[in-house]
Each structure stands twice: as C-alpha cells, then as structure tokens.
Amino acid sequence: TDCFKPLPNLSYLYYYSYGRTGGNLPDFTGNGNLSYLWLHGNAFSGAIPSFTGCNSLYYIRLSDNNLSNEIPGFSNLPSLQYLFLYNNNFTSLGTFSGLGSLYRFEAHNNDIGGVIPDFTACGNLYYLILFNNKFSSYTSGSFVDLRRIKYIDLANNDLSQQAVNSIIDDLYLNYQTYGGGRRVTLNLRGNATPGEAAIEIIILLRQRGWTITFT
C-alpha cells in the first residue's frame with residue numbers, strides 16, 4: 001500500500017482492471033503533486049485512505065469498487081472539484097470542510113444511512129447526487145448557502161417527512177438569497193411525502209422554473 005510513496009512528482013494516475021484488482025487502496029499522502037486520480041472499475045475494498053497534503057488534487061474517481069465503511073469528512077483539499085464514489089458499499093458520510101472548489105459529488109448506489117451532513121463548506125457545489133442510499137434525516141441548514149447548486153438527487157432513500165420538509169424550507173431560503181435566474185432540479189422520489197406547507201413552497205418554486213419531484 002506504500003507503492004506510490006517514492007513518487008513525489010506523481011501527478012496523474014489512471015488504473016482500470018475490469019474488476020480484477022482488489023485489496024486496500026494505496027497510501028497517497030506522499031504524493032503532494034497528485035492532481036488526477038482515476039481508480040474506477042476495480043475491486044478495491046476497505047476504507048478510503050487519507051489524502052492529507054494532496055493540495056493539487058482536483059479529480060478523484062473511486063467509483064465501481066467494493067469500498068466500505070464511512071466516506072470520510074474530506075477536508076483541506078482546496079483544488080478538489082470532482083469526487084465520484086458511487087457503486088460501492090459505504091455506510092455513512094462525514095462532513096466535508098475546506099472544499100470550497102467542489103463542483104460535483106456523486107455517491108449514489110451505496111448503503112449510506114443516517115443523516116445528510118452539512119454541505120455549507122462546499123459553496124461551489126453544482127451537482128449533489130445521493131440517490132439509492134438509506135439516508136433517514138437531514139442536517140438543517142445544509143443546503144441554505146449552496147449558492148451555485150443546480151441539481152440535487154436524493155431519490156430512493158428513507159428520508160422522513162420532517163427531513164423532506166426541512167430540505168424544502170432550506171432550498172426556499174436558498175432561492176430567496178441566491179435565486180436570480182437559477183432553475184434548480186430536486187428529485188425526492190421514494191422518500192416521505194412533503195407536508196402541506198412544503199408542498200405550497202414546491203408549487204411556488206415550480207412557478208419560478210424549478211423542477212421538484214416527490215412522487
């Protein structure tokens with residue numbers, strides 16, 4: 001797992017084994033110049049390693065593996081724009097910090113339960129794709145300050161009506177603060193049905209060009 005430590009100038013790594021390479025992911029803490037990491041379509045298992053010190057990293061694709069445990073609270077990766085972790089076996093999601101450049105985060109088709117964490121530290125987030133998981137609750141305020149958000153897919157989770165109502169309330173605050181000409185798409189199919197007050201907000205936002213689905 002230390003195979004890349006002697007390569008401090010490594011900047012681009014692409015490896016695809018058609019599901020044949022397993023074991024733990026390597027340690028990348030010695031690769032401070034790493035900017036692009038593609039390890040999609042293997043059979044890597046265990047936890048995601050630390051990326052501490054990888055300040056140039058802007059692209060991580062670990063999708064279609066057998067990774068498990070928690071998606072860590074990625075932090076202090078100021079260049080990170082793309083994070084793809086879908087089609088794994090993750091069970092929880094930590095809170096991100098210091099990811100001001102994150103543009104697209106995909107972690108659908110996992111087993112992530114519990115609470116949708118606060119994404120306030122990801123103010124540049126445009127796409128948030130978390131469908132087909134087991135989220136049951138939502139951190140109030142998480143979506144309020146996503147000034148660039150355009151697409152949120154939370155379909156087929158276990159979100160309660162309270163969580164759904166809170167998401168709608170927060171996105172309405174988001175619209176009031178950052179609305180402008182944005183037309184946001186929100187998919188809530190396969191969760192609890194919104195309450196009456198939330199449905200009224202949904203109707204209003206639809207009139208403003210938003211696409212919100214919940215049935």
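**Rings, loops and a helix pair in a predicted model**

Let me begin with one arginine, R104, which lies over the face of Y127 at 4.1 Å from the ring centre. Please keep in mind throughout that what we are looking at is a predicted model.

There is a second arginine to put beside that one, namely R61, whose charged end sits over the ring of F84, 4.0 Å from the centre of that ring. F84 also has an aromatic partner, since its ring and the ring of Y82 have their centres 6.3 Å apart and their planes at 15 degrees, and because planes under 30 degrees apart count as stacked, this pair is a stacked one. As for how these two rings are covered, F84 is buried, with a relative accessible area of 5%, whereas Y82, at 24%, is partly exposed.

That brings me to the aromatic pairs in general, of which the count comes to 25. Another pair I would like to show you is W38 with Y59, where the ring centres are 6.4 Å apart and the planes stand at 5 degrees, so that this pair too is stacked. In sequence the two partners are 21 residues apart, with W38 in strand β3, residues 36–38, and Y59 in strand β5, residues 59–61, so the pair links distant parts of the chain. W38 is buried at a relative accessible area of 17%, and Y59 likewise counts as buried, at 10% relative accessibility.

Let me stay with buried residues for a moment and turn to L57, which is found in the loop between β4, residues 43–46, and β5. Is this loop residue buried or exposed? Its relative accessible area is 0%, and since buried means under 20%, L57 is buried. Leaving aside neighbours within four places in sequence, L57 is in contact with L34, S35, Y36, L37, F51, S79 and L80. The C-alpha atoms of L57 and N31 are 9.6 Å apart in space, while the two residues are 26 apart in sequence.

In strand β4 itself we find F44, which is buried with a relative accessible area of 7%. Not counting residues up to four places away in sequence, F44 touches Y15, T21, G22, G23, N24, L25, L39, N65, N66 and L67. For a pair separated along the chain, take F44 and N157, which are 113 residues apart in sequence and 25 Å apart in space, C-alpha to C-alpha.

Now to the loop between β2 and β3, where I would point out G30 and also N33, which has its place in that loop. G30 counts as partly exposed at 29% relative accessibility, and N33 is partly exposed as well, with a relative accessible area of 38%. From G30 to C54, 24 residues apart in sequence, the C-alpha atoms are 8.1 Å apart, and for N33 and N55, 22 residues apart along the chain, the C-alpha separation is 7.5 Å. If we again leave aside neighbours within four places in sequence, N33 is in contact with P8, N9, L10, S11 and S56.

Two further asparagines deserve a careful look at the backbone. N69, which has its place in strand β6, residues 66–71, has a positive phi of about 70 degrees although it is not a glycine, and N69 counts as partly exposed at 43% relative accessibility. N156 has a positive phi too, here of about 60 degrees, and is not a glycine either; its place is in the loop between β13, residues 151–153, and α1, and at 41% relative accessibility N156 counts as partly exposed.

That loop leads us to the helices, with which I will finish. Two packed helices are described by the angle between their axes and by the distance between the axes. Here, helix α1, residues 161–178, and helix α2, residues 196–207, pack at an angle of about 35 degrees, with their axes 9 Å apart, and α1 passes α2 in a left-handed crossing. Which residues make the contact? From α1 they are N165, I168, D169, Y172 and Y175, and from α2 they are A198, I201, I202, L204 and L205. Sorted by character, the residues of this contact divide into 8 nonpolar, 1 polar and 1 charged.

How values were computed:
Residues are numbered from 1 along each chain as its sequence is written. This is a predicted model: local features need pLDDT of at least 70, side-chain atom pairs count only at pLDDT 80 or more; totals for chains, interfaces and linings use all residues. Side-chain values use heavy atoms; hydrogens and water are left out. Axes are lines fitted to C-alpha atoms, for helices over the stretch in contact, and angles run from 0 to 180 degrees between N-to-C directions. Helices (H or I, at least four residues) and strands (E, at least two) are DSSP runs, numbered from the N terminus. A crossing is left-handed if the near helix is turned anticlockwise from the far one by less than a right angle, and right-handed if clockwise. Contact means heavy atoms within 4.5 Å. Ala, Val, Leu, Ile, Met, Phe, Trp, Tyr, Cys and Pro count as nonpolar, Asp, Glu, Lys and Arg as charged, and the others, Gly among them, as polar. Rings of Phe, Tyr and Trp (its six-membered ring) pair if their centres lie within 6.5 Å; planes under 30 degrees apart count as stacked, over 60 as edge-to-face and the rest as tilted. Buried means under 20% relative accessible area, exposed over 50%, partly exposed in between (1.4 Å probe, protein chains only). A charge sits over a ring if NZ of Lys or CZ of Arg is within 6 Å of the ring centre and within 35 degrees of the ring normal.
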